[in-house]
Amino acid sequence: MSEGTLYIVGIGPGVPDKMTQEARDVIRDSEVVVASSLYQKFLRLDDVIGNKITDDERIEELADEDPFPIDEDTGEEGRLEVTTTPGGALYVEGATLSEAEEKVEDEGIDAFITTLDSGYADYIDTGDEGDGQLLVKSSMGRQVELAYEAIARVREGQDVAHVSGGDPNTYGKSDLVFKVLEHADTTDVDVEIVEGVTAGMSVSADLGAPLSGDFATVSLSDKWRDWDVIEDRLRNAARSDFVILLYNCWTGYDEAADILQEELDDEVPVGIVHDAGREEHGRNDDGEVYRVTNVGEMKEYSDEISGMGVSVLVGNSKTEVWEADDRDYLVTPRGGRDIEDF
Amino acid sequence: MSTDSNSTTETSTDTESKCGGSTETDSRSSSGGCTANTSDDDLDTSDSTWEPGERWRSTDVTAGDESEFGSFTVVGLGPGSVEEMTQKAIEALDEADHIVGYETYVDLLPEKVKEGTEIFSTPMCGEVSRTEEAVDRVLDGNDTAIIGSGDPNVYALGSLSMELLESKGATPEAVDFDVVAGIPAAQSCGARLGAPFVNDTVTVSLSDYLTPMPEIESRLHSAAREEFTIVIYNPWSRKRRDNFEKAVEILQHHRPDDTPVGIVRDAGREDEVSKVVPLGELDDWGETDLITMTTTLIVGNDETYVWNDKMVTPRGYHQKYDY
């Protein structure tokens with residue numbers, strides 16, 4: 001097998017205290033970290049990935065340089081922008097990866113962001129030994145190229161951490177990585193999945209005890225399939241009295257609500273939770289939502305459904321709302337029969 | 001039961017408590033246990049004053065002055081190792097004055113959180129009386145955490161805790177109730193298999209202890225028909241042999257015999273085993289020690305395949321990507 005390992009790491013729902021130590025350690029110790037800009041931001045804020053440059057003079061010095069060639073395809077001149085992140089990291093935009101790595105080596109530059117064929121990357125000096133950690137920004141539409149690059153680096157002996165929000169198995173990245181490995185006929189790459197707390201579990205905990213029994217997880221995104229499939233699954237899950245966790249609700253929410261209204265009583269409780277806990281960690285742009293409503297009224301809150309951080313939980317026929325001063329809880333009692341049956 | 005004294009607070013109370021539970025000091029074992037499956041075969045609720053499905057029993061109301069209640073946190077430990085607990089779980093346990101849990105899981109806790117904490121662990125008895133014990137401690141004014149593997153919402157102690165709390169006349173807000181999510185067994189098992197349920201999935205327990213078998217069957221039919229991947233908890237026990245056979249029959253009715261089924265037993269423990277078998281052979285495995293109460297099954301759908309020993313259920317990337 002390969003010397004390096006390709007880790008597919010779940011970081012949980014985006015707050016530091018719901019990440020495991022294992023995820024933290026794997027990301028810290030990997031030579032390459034592939035993550036979306038949002039997750040990179042979270043990992044920086046949590047000091048899982050590096051933030052090294054805070055020296056303003058050094059930043060300005062870098063901004064004055066113009067080391068980037070004209071783009072052969074577009075004829076446009078390379079662009080150089082230097083900005084600091086909330087955590088103080090330096091971004092230099094416009095270099096290719098090899099140029100960036102050269103700069104790191106030759107000039108001792110600590111951090112880079114560079115436009116690559118395979119997306120964006122920046123390079124961060126992670127310690128006294130000078131071992132750099134390459135951060136690659138994953139972007140939709142570039143996943144396949146990124147996976148190929150990851151394979152190449154793992155074969156060279158590097159550890160690569162591919163970051164998923166929540167858990168890699170629940171609408172995460174693991175299937176795509178395996179697809180690419182298969183396509184490239186790559187059986188020598190050591191792949192390890194590091195599991196994480198799913199958004200569904202996090203939201204359920206916030207709401208109290210809404211699951212307790214059998215539940216269905218349905219994504220409303222029709223990016224990879226026809227809406228008919230989603231509709232059928234939703235309808236049948238509702239008819240079979242599953243508690244339903246909806247993912248990717250920024251699309252199809254009203255349509256889903258229509259379906260649920262046809263299948264379920266209006267009084268069935270619904271919980272809408274957006275970015276729970278992220279605000280207190282300084283990482284929420286739109287404000288948190290904690291809303292307990294019901295199937296009949298869920299469409300009134302369409303405007304609260306936005307972005308990746310929203311989860312919607314639809315109860316079943318047994319789910320109850322327990323009102324409290326601080327928040328309303330959702331509870332699906334375990335139900336059961338006479339004690340003699342045990 | 002170990003009595004080797006460590007840094008935990010020793011008390012002499014509760015040694016005659018329900019079903020063998022005792023307040024004890026740290027007792028370690030080499031087990032790195034995982035599985036969020038409820039071990040309902042071991043349930044012994046005969047001494048419980050509470051019945052599932054029953055919200056209120058006026059005779060149970062024991063709660064006194066609300067201001068004297070402790071806090072109550074239900075903590076999911078995930079697969080078992082300290083590295084796979086969340087920071088929030090460790091903090092919640094650190095803050096608790098009392099920790100209540102099944103012995104195996106108490107053993108897994110980091111020493112740090114056990115220091116200065118009264119531990120009540122039960123080696124064998126049922127979850128109802130264990131949870132009741134925790135609630136009583138809360139109502140007596142102790143900041144109490146009850147622990148379980150996996151996630152508290154997945155066939156675990158979340159709703160039971162809330163129901164018992166209410167049955168004793170308290171409310172979640174009066175005891176500063178909180179649930180701390182953990183990594184469910186499904187995710188631990190999925191990680192070992194590859195990418196078996198990346199898309200829409202249902203989670204079903206074959207235990208008919210709380211859900212009648214016809215309802216379980218109906219859910220299996222529906223999920224199998226709609227091409228959900230299906231995660232099955234509590235797949236087999238001596239008492240539920242028929243449930244397993246019935247489930248296999250339903251799955252085979254809807255899905256071809258070559259559908260991959262992932263079988264993971266004791267994920268996260270030293271003796272963990274995982275294997276992928278074709279659905280057509282699943283019934284043969286029912287009587288083996290591969291499928292037990294601590295096994296989780298993951299049934300693929302029409303897109304699931306096995307490649308390089310990994311079980312993969314891809315989303316429709318072929319529509320978009322050219323590899």
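This briefing walks through a sheet, the strands and helix around it, a helix pair and one loop residue. Please keep in mind that the model is predicted. The centrepiece is an open sheet of 10 strands with mixed pairing, drawn from chain A and chain B.

**The sheet as a whole**
- Reading across, the strand order is β14(A)-β13(A)-β15(A)-β12(A)-β11(A)-β8(B)-β9(B)-β12(B)-β10(B)-β11(B).
- At the edges you will find β14 (289-294) of chain A and β11 (273-278) of chain B, each of which pairs on one side only.
- From one strand to the next, the twist averages 15°.
- Helix α7 (residues 199-207) of chain A packs on this sheet, where it touches β11, β12, β13 (269-274), β14 and β15 (310-314) of chain A.
- The direction of α7 makes about 120° with that of β12(A).

**Strand pairing in chain A**
- Strand β11 (residues 215-219) of chain A runs parallel to strand β12 (residues 243-247) of chain A, and the two pair over 5 bridges.
- Within that pair, A216(A) stands opposite I244(A) of β12(A).
- β12(A) also pairs with β15(A), this time in the antiparallel sense over 3 bridges.
- On its other side, β15(A) pairs with β13(A), again antiparallel, over 5 bridges.
- L313(A) of β15(A) is a handy residue to look up: it is the bridge partner of L245(A) and also of G271(A).

**How covered is β15(A)?**
- β15(A) is mostly covered, with 5 of its 5 residues buried.
- In a regular strand, side chains alternate between the two faces of the sheet.
- Both faces of β15(A) are covered: V310(A), V312(A) and V314(A) are buried on one side, while S311(A) and L313(A) are buried on the other.

**The α8–α9 helix pair**
- Helix α8 (residues 227-239) of chain A packs against helix α9 (residues 253-263) of chain A at an angle of about 35°, and their axes are 9 Å apart.
- The crossing of α8(A) past α9(A) is right-handed.
- From α8(A), the contact is made by W227(A), E231(A), L234(A), R235(A), A238(A) and R239(A).
- From α9(A), the residues in contact are E255(A), A256(A), I259(A), L260(A), E262(A) and E263(A).
- Sorted by type, the contact residues are 6 nonpolar and 6 charged, with no polar ones.

**A loop residue: E288(A)**
- E288(A) lies in the loop between β13 and β14 of chain A.
- Because its relative accessibility is 33%, E288(A) counts as partly exposed.
- E288(A) and I8(A) are 280 residues apart in sequence, and their C-alpha atoms are 28 Å apart in space.

Key
Residues are numbered from 1 along each chain as its sequence is written. Chains are lettered from A and ligands numbered from 1 in the order in which they are written. This is a predicted model: local features need pLDDT of at least 70, side-chain atom pairs count only at pLDDT 80 or more; totals for chains, interfaces and linings use all residues. Side-chain values use heavy atoms; hydrogens and water are left out. Axes are lines fitted to C-alpha atoms, for helices over the stretch in contact, and angles run from 0 to 180 degrees between N-to-C directions. Helices (H or I, at least four residues) and strands (E, at least two) are DSSP runs, numbered from the N terminus. A crossing is left-handed if the near helix is turned anticlockwise from the far one by less than a right angle, and right-handed if clockwise. Contact means heavy atoms within 4.5 Å. Ala, Val, Leu, Ile, Met, Phe, Trp, Tyr, Cys and Pro count as nonpolar, Asp, Glu, Lys and Arg as charged, and the others, Gly among them, as polar. Two strands pair if DSSP finds at least two bridges between them. Buried means under 20% relative accessible area, exposed over 50%, partly exposed in between (1.4 Å probe, protein chains only).
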